[in-house]
Each structure stands twice: as structure tokens, then as C-alpha cells.
Amino acid sequence: MKTERIEIPYSDEVKRFPIPYIFKMKCKNCGEEVNYDFNKFPLEYPNLSGEETIGLYCENCNCEFEIKVKLNTTVQFDFDLENIKKTKY
């Protein structure tokens with residue numbers, strides 16, 4: 001079996017990509033906790049295997065900043081080579 005990994009970012013026609021994850025960090029300006037809910041605010045038309053820029057806003061000090069998010073995709077092949085049936089094409 002041979003697989004080939006594609007290193008360049010690619011995109012699919014996925015309009016919204018929710019992720020069950022909340023990113024939390026301290027504001028660089030005032031230290032207040034700032035978070036981003038990827039399930040509530042999904043990525044729109046994401047580049048898979050590429051970077052996305054997410055804007056964060058601190059309500060405490062009215063400061064805005066950005067974080068970079070990289071989406072990695074994984075494909076797993078799980079099969080038993082001895083029990084694979086041959087197919088005619």
C-alpha cells in the first residue's frame with residue numbers, strides 16, 4: 001500500500017466547518033480571559049491543511065488581536081490485507 005501526502009492547502013465546498021472546541025487565552029493588553037467558540041462561530045470556507053486567521057476581541061479593554069489556526073486533515077486506512085476480496089473492473 002502506498003499513500004501520498006499533499007502539502008499544499010486545499011479547499012472544498014464546505015461552507016461552514018464547526019469544530020467542538022473553545023479556544024481560551026489571556027488578553028495581551030489587560031490579562032482578561034478571551035475565548036473563541038469554534039462550534040458557535042464555525043470557520044467559513046476553510047483552507048484544509050492551511051492557515052486561517054481568527055479575530056479575537058477583548059470586551060474588558062476594547063482591544064482586538066488575531067490568532068492563526070492551522071487545520072490538518074487525517075485519513076486512516078484500516079483493513080485486513082488477507083481478507084480483501086478481489087474485484088474485477
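**Figure 1. Ile22 stands opposite Asp37 of strand β4.** This is a predicted model. Ile22 belongs to strand β3, which spans residues 22-26. Strands β3 and β4 run antiparallel. Five bridges join them. A second facing pair is Phe23 and Tyr36, the latter in β4. The two strands form a hairpin with six residues between them. In this hairpin, Gly31 takes a positive phi near 90°.

**Figure 2. Side chains alternate along strand β4.** The strand covers residues 33-37. Val34 and Tyr36 point to one face. Both of these side chains are buried. Glu33, Asn35 and Asp37 point to the other face and are not buried. Two of these residues also appear in the pairing with β3. Tyr36 is the residue opposite Phe23. Asp37 is the residue opposite Ile22.

**Figure 3. The whole chain is built from strands, with zero helices.** There are eight strands. From the N terminus on, the order of elements is β-β-β-β-β-β-β-β. The chain has 89 residues, and 21% of them are buried. Its accessible surface comes to about 8100 Å². Carbon and sulfur atoms account for 46% of that surface. Now take the contacts between residues at least 6 apart in sequence. Of these, 46% join residues at least 24 apart.

**Figure 4. Strands β7 and β8 are joined by eight bridges.** The two strands run antiparallel. Strand β7 holds residues 51-58, and β8 holds residues 63-70. Which residue of β8 is the bridge partner of Cys58? The partner is Cys63. β7 and β8 form a hairpin, with four residues between them. Asn62 sits in the turn of this hairpin.

**Figure 5. Strand β8 has a buried face and a face that is not buried.** Cys63, Phe65, Ile67 and Val69 point to one face, and these residues are buried. Glu64, Glu66, Lys68 and Lys70 point to the other face and are not buried. The side chains alternate between the two faces along the strand. Cys63, on the buried face, is also the bridge partner of Cys58.

**Figure 6. Thr53 of strand β7 is in contact with residues of β8.** Leave aside its neighbours within four places in sequence. Thr53 then contacts Glu66, Ile67 and Lys68. Two of these, Glu66 and Lys68, are on the face of β8 that is not buried, while Ile67 is on the buried face. A polar contact of 3.0 Å joins the side chains of Thr53 and Lys68. Lys70 is 17 residues from Thr53 in sequence. In space, the two are 8.8 Å apart, C-alpha to C-alpha. Is Thr53 buried, partly exposed or exposed? Thr53 counts as partly exposed, because its relative accessibility is 40%.

**Figure 7. Asn62 and Tyr45 each have a positive phi.** Most residues other than glycine have a negative phi. Asn62 has a phi near 60°. Asn62 lies in the loop between β7 and β8. Its relative accessibility is 55%, so Asn62 counts as exposed. The cut-off for exposed is over 50%. Tyr45 has a phi of about 45° and is not a glycine. The place of Tyr45 is the loop between β5 and β6. Tyr45 is partly exposed, because its relative accessible area is 47%.

**Figure 8. Phe41 lies in the loop between β4 and β5.** Strand β5 covers residues 43-44. Phe41 has 45% relative accessibility, so this residue counts as partly exposed. How far apart in space are Phe41 and Phe17? They are 9.0 Å apart, C-alpha to C-alpha. In sequence, 24 residues separate the two.

**Figure 9. Val75, Phe77 and Phe79 make a nonpolar surface patch.** The patch has an area of about 330 Å². Where is Phe77 in the chain? Phe77 lies in the segment after β8.

How values were computed:
Residues are numbered from 1 along each chain as its sequence is written. This is a predicted model: local features need pLDDT of at least 70, side-chain atom pairs count only at pLDDT 80 or more; totals for chains, interfaces and linings use all residues. Side-chain values use heavy atoms; hydrogens and water are left out. Patches are made of residues with over 30% relative accessible area and no salt bridge: like charges are joined within 9 Å, nonpolar side chains (Val, Leu, Ile, Met, Phe, Trp, Tyr) within 5 Å. Accessible areas come from the Shrake-Rupley method with a 1.4 Å probe; for residues, only the protein chains shown count as cover. A salt bridge is a side-chain nitrogen of Lys or Arg within 4 Å of a carboxyl oxygen of Asp or Glu. Buried means under 20% relative accessible area, exposed over 50%, partly exposed in between (1.4 Å probe, protein chains only). Contact means heavy atoms within 4.5 Å. Two strands pair if DSSP finds at least two bridges between them. A polar contact is a pair of N or O atoms within 3.5 Å; within protein, one must be able to donate a hydrogen and the other to accept it, and residues adjacent in sequence count only if both atoms are side-chain atoms.
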